[in-house]
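Colleague: I'd like to go through this one with you. Can you put it up?

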Amino acid sequence: MWANLPRILTLVVRGFVLTLAVLTAVVVIRTVTFPSYQTSPPECKTTDPDFIPADEERLARFTSAIQFQTVSYERGVGTPQELAKFVRFIQKSFPTVHSSPMVRRDVVGNYSLLYRVEGSDASLQPYMLASHLDVVPITEEANWEAPPFSGQLKDGYIYGRGTIDAKHSLMGSLEALEFLLSRRHQPKRTLYLAFGHDEETGGHFGAKVIGDVLTQRGEKIAFILDEGSPVGDGLAPGVSKLLALVSVAEKGFLQLRLEVNEEGGHASMPRSESAIGILSKAISKLEDNPHPNMFGTGPEARMMEYVATEMTLPYRILASNLWLFSPLVAWVYSRKPQTNAFARTTTALTRFNAGVKDNVISPEAVAVIDHRIHPMSSVEEVMEFDRKVINDPRVKLNVINNRPPSPTSPYGKDSPTYMMLQETIQQIYPDALVTPTFMVANTDTRHYLNLSSAIYRFNPYVMTPSDLPRFHGVNERISVQNYERVMNFYYHLIVNMDKPLELKRHGHEDEL
Ligand SMILES: CCCCCCCC/C=C\CCCCCCCC(=O)N[C@@H](CC(N)=O)C(=O)O
Ligand SMILES: [Zn+2]
Ligand SMILES: [Zn+2]
């Protein structure tokens, strides 16, 4: 036996070296032969004479739109008077849209707006552009560089709540339509514009009703585009070019109310555990035990593949070989909040309430957890995980609201609508890469799922990592350049949608 040891060791080392050599060869071959999913940009139309400039008049309209304080606070609790004023302002601001015989406008659920622009070819399925009228409340008002409802222009940026979420797309799409109709252009394909008034609190009285109206009309929509992920500048690790993130799916959500009820009493005679202490431990366990890293199991893996050939070398090797490096990429993604959101179901503690007086032991403690569910997980799985982690029957888990992750819409060369979107994005951003991904937050599209199987969530503006905290945060703003891109994106999209949407597969063409 001992005599054979050197031979055995040699064989083991040889086996190890051989395996390493084979793995290295496979990794190298895959890296250099990995297919590119990017197509060259079409002729850029933004230099055409029919480009929409962000001139004084349009900027003034956008500024005014920001000044309406259309805040949504809680489900069913909004700002009806401001909404009504904003609706009147929209009507006055886009006279051609509102007087055109081609346009039918319905006010739905009191304040939401649904426009139908009649196309000349009734055989083509309509499509829909969506946004919303409402905004979230202001936080830390003192820290804003310009008053949050001013729409003030400062150093090339328009400041205010709603500038990126989402009055940019509401006003931008209406500007595009006004521009188009004032040139007496009738689209071939019927187009809907749908603007809910309570998206920020779930869309139960706005988008939900719009969805119901369209369902009752028996409408089937070729594709829907709502607010969503942006064109990232430095957002994705290893990608130096601009990266247009088209969300083809959306995370689900589960909002849970955690409640502990224990005996209260006089603060001078406390028991060893209190309602507050028990709930704190539960919360702490949830924060210490994140939901499993699922990176590589959903549409986020496609995102890596779509940009693999364009990444800097170390990332290119990783992205071309997810079969081997998925756990490593998963770890890289889990290190920052904005990428971690792509890797797993997230857990956000959003409320914590207990106690009424300094010397009274509170009999009750309540917390709210907002989970955003990874596309490959489910509401049930998340509940089960939380119960196991908390492992304390004194902590009651009540579901406030939930929705499973959305289905994934078609993307890539086999999807004519996705390709039309990609082409339009490239007209505005000729150097950008375009990739499918999923939306880490939620949108009104949750109410439109039965209207179309092709639902995309995309914001046609550029965002850097330092811009992300501006969503629902302090100093929300959009650059004039970005707002101009938004208007022209919608304009190009409407023009492009007049071209046939063709499925070019197996030598035959089908039109939607
Ligand atoms: C590897 C790529 C990294 C990319 C990183 C970041 C991409 C960030 C993408 C999107 C952020 C934009 C978030 C906008 C959210 C707008 C929608 C919204 O606010 N929804 C609310 C409404 C609701 N009631 O559901 C929400 O809470 O989700
Ligand atoms: Zn929004
Ligand atoms: Zn929002």
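Colleague: What is H472 in contact with, leaving aside its neighbours within four places in sequence?
Modeller: In this predicted model, H472 is in contact with V136 and D165.

Colleague: Where does H472 lie?
Modeller: In the loop between β16 (455–463) and β17 (477–479).

Colleague: Buried or exposed?
Modeller: H472 has 15 C-beta neighbours inside 10 Å, so it counts as partly exposed.

Colleague: And D165, buried or exposed?
Modeller: Buried, because D165 has 24 C-beta neighbours inside 10 Å, and 20 are enough for that class. D165 sits in the loop between β5 (157–159) and α5 (167–182).

Colleague: What does D165 contact, neighbours within four places in sequence aside?
Modeller: E227, F471 and H472.

Colleague: Which residues does UniProt give as "binding site"?
Modeller: The unreviewed UniProt entry places that feature at D165, E200 and H472. They are spread over 308 residues of sequence, yet they cluster in space, with a largest C-alpha distance of 9.9 Å.

Colleague: Changing topic to helices. At what angle do α13 and α14 pack?
Modeller: About 140 degrees, with the axes 9 Å apart. α13 covers residues 416–428 and α14 covers 480–496.

Colleague: Why are they called oblique to each other?
Modeller: Only angles over 145 degrees count as roughly antiparallel, and α13 and α14 pack at about 140, so the pair is oblique. The crossing is right-handed.

Colleague: Which residues meet there?
Modeller: M420, E423, T424, Q427 and I428 in α13 meet R485, N488, F489, H492, L493 and N496 in α14. By type, the residues of that contact are 4 nonpolar, 5 polar and 2 charged.

Conventions:
Residues are numbered from 1 along each chain as its sequence is written. Chains are lettered from A and ligands numbered from 1 in the order in which they are written. This is a predicted model: local features need pLDDT of at least 70, side-chain atom pairs count only at pLDDT 80 or more; totals for chains, interfaces and linings use all residues. Axes are lines fitted to C-alpha atoms, for helices over the stretch in contact, and angles run from 0 to 180 degrees between N-to-C directions. Helices (H or I, at least four residues) and strands (E, at least two) are DSSP runs, numbered from the N terminus. Angles under 35 degrees count as roughly parallel, over 145 as roughly antiparallel, 65 to 115 as roughly perpendicular and the rest as oblique. A crossing is left-handed if the near helix is turned anticlockwise from the far one by less than a right angle, and right-handed if clockwise. Two residues are in contact if their C-beta atoms, placed from the backbone, lie within 7 Å. Ala, Val, Leu, Ile, Met, Phe, Trp, Tyr, Cys and Pro count as nonpolar, Asp, Glu, Lys and Arg as charged, and the others, Gly among them, as polar. UniProt positions are given in the numbering used here, feature names are shortened, and annotations may be inferred rather than shown by experiment. A residue is buried if 20 or more other C-beta atoms lie within 10 Å of its own, exposed if 12 or fewer, and partly exposed in between; C-beta atoms are placed from the backbone.
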